[in-house]
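Q: Could you show me how to read a few features of a model, beginning with a helix and ending with a pocket?

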Amino acid sequence: MKVRFHGAAGEVTGSCHEVHANGKILLLDCGMIQGSEEDEKRNELEFPFEISQIDAVVLSHAHIDHCGRLPLLVSRGYSGPIYTQEATADLLKILLEDAASLAQMDAERDNKHRKDGHQNHQPLFTKADVAKVLTHVKKMQYEMPQEIFPDLHVTLRDAGHILGSASVTLESEGKTLLFSGDLGPKNTPILCDPAIHRKADLVLMESTYGGRLHRSREATVTELGEIFEQAWNDGGNVLIPAFAVGRSQELLYWFAKYFDEWNLNRWKIFLDSPMAVKVVAVVDKHEALFDEEAKKVWQGKIRPFNLPNLHFTPEVAQSKTISDTKRGAIIIAGSGMCTGGRIRHHLRDHLDNRKHHVVFVGYQSQGTLGRRLVDGAKQVRIFGEEISVNAQRHTIGGLSAHADQAGLLEWYGHLENNPPVVLVHGEDDARDAMKIVMQKKYGNEVLLARPEMELDV
Ligand code: ZN
């Protein structure tokens, strides 16, 4: 077997690796590049491989940086199968359709604001392209090896990162290639811990947090409870910008678990995100994939998605009524970094008053409204309005969907033969740190993937 690296080879987005095995060519992921406008322009470029030669795609999970260029691949002529875990197949529809809507809105906005009269900005892809992708999907289950071509076996195993996320094992020509996909930390609520692998000849491993250790989830959750108490005493509302997949559902899980302890019955809780509401239905459907603790919680009296005071507000008209609640509302809304979505309306309505609280539960990247708020901005601009920021802001780490350095080392440590590792899906700082600690601990060969680098398995 042979691997060629195309995307997430020196950055954390655009995951895409090409594998040659027994005369066939596979893609592991076909993700979108995310970041600055300039970075995202690269999504429009030709693929660095011949589409007609690709025999199959294996998709690790439904995050856009892993699946977001599938609609382009298909609209440019790919007609083969896309193998993925069955829950990922369900999430794929929701995430790709959302990405298509965003692309459409971007194009419309761009065309409206052009001064030269040319209105030729086409969206990267459309909902029709997404529909075509879905017809190519072949659902797989965890731990069920499948011979997709003669002498080429694929096995998906739980990666514990988001629902349906998988590490991919490819076996061919007497060799085993293991692709970690994105790996979750242990003890993520609802999800099982990442599965253990014992043997591989080459490992492609993510390294997003290869240089960091996370705060514990327990400490983080305790802090969340304390913030609610403080906000109640202040007589305000609590806004939580959150990603629609994963974190929004995790928050509801903690609310169910600590419902009595945190006196949550006195609050009104809103999940104000049409996408998060759709994802809730998918999570509910796949209870079989939950860890033991979540299965117990789901059998309990207070279930995460049926809290007695939880309101789903997918319609705009419903969302607008939330602002009638002047105190005692917990509002979870997207987008996670406040770059778009309904959270911006809520921020506009709440930021100027000190009795309200904003809780950041996820990473806020440079240049986003979320980051400016986290960094302590006293004034921000939302929908063209200058708004003074007096609301109290909290950043709680520790709810990451990615394993930290210790978690990555532990996952690798179960491999009995210390195989060589190629670090993908990480910035260079994180990968350098990971390489040093890994070589010290296991004495194995550690390489950093670069675009168009090639390796034999
Ligand atoms: Zn991911």
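Q: How many of the eleven residues of helix α7 are buried?

A: Ten of the eleven residues of helix α7 (residues 247-257) are buried, so this helix is largely enclosed by the rest of the structure; buried means under 20% relative accessible area, with a 1.4 Å probe and protein chains only, and helices are DSSP runs of H or I with at least four residues, strands being runs of E with at least two, numbered from the N terminus. The buried residues of α7 include R247, Q249 and E250 as well as L251, L252, W254 and F255. The model is predicted, so local features need pLDDT of at least 70 and side-chain atom pairs count only at pLDDT 80 or more, while totals for chains, interfaces and linings use all residues. Residues are numbered from 1 along each chain as its sequence is written, and side-chain values use heavy atoms, with hydrogens and water left out.

Q: Which protein donors does the zinc ion have?

A: Donors are N, O and S atoms within 2.8 Å of the metal (3.2 Å for Na, K and Ca), and water is not among the atoms, so sites may look incomplete. Here the donors are H61 (NE2), H63 (ND1), H161 (NE2) and D182 (OD), lying 2.2 to 2.4 Å from the zinc ion, and their spacing in sequence is H-x1-H-x97-H-x20-D. H63, in the loop between β4 (56-58) and α2 (64-67), and D182, in the loop between β10 (175-179) and β11 (202-206), are 119 residues apart and link distant parts of the chain. D182 is buried, at a relative accessible area of 2%.

Q: What is the geometry of the site, given the angles among its four donor atoms?

A: Four donors count as tetrahedral if all angles lie between 85 and 135 degrees, and as square planar if opposite donors are over 155 degrees apart and all others between 65 and 115, anything else being irregular. With angles of 89 to 169 degrees, the zinc site is irregular.

Q: Where does the second largest pocket lie with respect to the domains?

A: A pocket is an open set of points on a 1 Å grid over the protein atoms alone, where a 1.4 Å probe fits, with protein on both sides within 12 Å along at least five of seven lines, and lining residues have an atom within 4 Å of a point. Domain 1 (2-212 + 401-456) and domain 2 (217-399) both give residues to the lining of the second largest pocket, so it lies between them; the bounds come from an automatic or database domain assignment. α13 gives the most to this lining, with three residues.

Note on methods:
Four donors count as tetrahedral if all angles lie between 85 and 135 degrees; four count as square planar and six as octahedral if opposite donors are over 155 degrees apart and all others between 65 and 115; anything else is irregular. Buried means under 20% relative accessible area, exposed over 50%, partly exposed in between (1.4 Å probe, protein chains only).
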